[in-house]
Amino acid sequence: MISDLLKDLNVDCNFTNDIKESKYVEGSKNDNSINTSTNTNSEQIYYPTFIKCIISEFDPIYGSLSDEEKKLYFSKKIMEICSEIDEKDEYFKNYKFHKSLKSHKVQQGLQLYDKRINHISSVYYLNEYYKRHFVIVYENNSYPTCIKNYPKIYLRFDNHKVKVMNTCDFSEMNLKTLFEKCKIIDDVKRDIKGIYNLHLEAIGKYKLDDLKKIAEECNISLKDGQKNKTKSVLYDSINMFKLNE
């Protein structure tokens with residue numbers, strides 16, 4: 001059965017369109033709640049790693065399999081993703097990651113899914129793979145892992161286990177501070193703004209008027225309420241616009 005299911009999975013298509021909806025996603029563009037988890041009882045399930053949690057909840061086939069079939073399918077799914085990273089631009093190159101997030105680093109992290117080791121590179125990658133923003137919740141604080149405007153999924157990391165949450169009312173903290181508190185390996189060692197290749201060069205290469213001109217070309221407002229946007233705010237606004245195009 002597994003082989004038949006894998007043959008039926010069209011890896012050339014964007015399978016995220018087939019993900020079933022659930023109550024666990026916070027919409028990022030209009031703040032309306034949208035649903036994506038395939039597991040209707042996910043609030044009861046803890047997983048040993050972020051990889052196991054994310055793929056188990058969001059893969060369109062996994063939830064329909066028996067427990068015996070799931071083990072083999074999951075292993076094959078990891079191998080499939082690792083092969084796609086090497087063979088297809090749309091599964092790595094097109095994500096426009098910074099050179100510090102190398103493909104072999106992502107592959108190594110994914111292949112350790114059964115060792116109960118959490119690498120942050122795996123979360124960064126799966127954000128793109130599933131077009132979701134997986135926000136880590138630890139000790140009632142939330143830690144964003146992506147700067148793109150993807151729908152947010154909140155994952156509680158508690159006692160070295162992970163589960164999908166159905167609430168999202170938490171204070172937001174810098175991800176860098178999380179690595180000092182728990183056993184998540186920071187194998188990229190860059191701020192989340194730095195894991196992508198940004199459109200603009202270093203901010204010091206631009207004058208304020210240069211950024212205003214670029215912002216106007218992108219139809220980005222020069223105002224923040226009643227005040228003019230600062231140079232750094234304009235710089236970030238342009239990069240975010242280009243990243244989410």
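# Getting to know this fold

Me: Of the 245 residues of the chain, what percentage counts as buried?
Reply: This is a predicted model, where local features need pLDDT of at least 70 and side-chain atom pairs count only at pLDDT 80 or more, while totals for chains, interfaces and linings use all residues. Residues are numbered from 1 along each chain as its sequence is written, and side-chain values use heavy atoms, with hydrogens and water left out. Buried means under 20% relative accessible area, exposed is over 50%, and partly exposed sits in between (1.4 Å probe, protein chains only). By that yardstick, the buried share of the 245 residues is 49%.

Me: How many helices and strands does the chain have?
Reply: Both are DSSP runs numbered from the N terminus: helices are H or I with at least four residues, strands are E with at least two. Going by that, the tally is eight helices and nine strands.

Me: Which residues have the most contacts inside the largest nonpolar core?
Reply: A nonpolar core here is a set of buried Ala, Val, Leu, Ile, Met, Phe, Trp, Tyr and Cys residues joined through side-chain atoms within 4.5 Å. The largest one has 53 residues, and the elements that each supply at least two of them include α3 (67-87), α5 (120-129) and β5 (152-158). Those with the most contacts inside this core are L110, I120, Y125, F134, L155 and I184.

Me: What does L155 touch, not counting residues up to four places away in sequence?
Reply: Contact means heavy atoms within 4.5 Å. With that cut-off, the list for L155 is F50, C53, I54, F134, V135, I136, V137, V162, K163 and V164.

Me: How many residues are in the second, separate core?
Reply: Among its members are L200, Y206, L211 and I214. The total for this second core is 10.

Me: At what angle do the axes of α7 and α8 cross?
Reply: Axes are lines fitted to C-alpha atoms, for helices over the stretch in contact, and angles run from 0 to 180 degrees between N-to-C directions. Helix α7 covers residues 208-217, helix α8 covers residues 231-243, and their axes come within 10 Å. The crossing angle is roughly 35°.

Me: Which residues of α8 does α7 meet?
Reply: On the α7 side, the residues involved are L208, L211, K212, I214 and A215. Their partners in α8 are K231, L234, Y235 and I238.

Me: Is N141 buried or exposed?
Reply: N141 lies in strand β4 (residues 141-143). Leaving aside neighbours within four places in sequence, N141 is in contact with I136, F170, S171 and M173. Because its relative accessible area is 19%, N141 is classed as buried.

Me: Where is K181 found, and which residues is it in contact with, leaving aside neighbours within four places in sequence?
Reply: K181 is found in the loop between α6 and α7, and its 40% relative accessible area is why it counts as partly exposed. The C-alpha atoms of K181 and Y138 are 9.1 Å apart, although 43 residues separate the two along the chain. The contacts asked about are Y138 and Y143.

Me: What is the relative accessibility of N166?
Reply: N166 lies in the loop between β6 and β7 (171-172). Its C-alpha atom is 8.7 Å from that of I153, which is 13 residues away along the chain. N166 counts as partly exposed, with a relative accessibility of 43%.

Me: How many disulfides does the structure hold?
Reply: A disulfide is a pair of cysteine sulfur atoms within 2.5 Å. Two of the cysteines are buried: C82 at 6% relative accessibility and C146 at 5%. The number of disulfides is zero.
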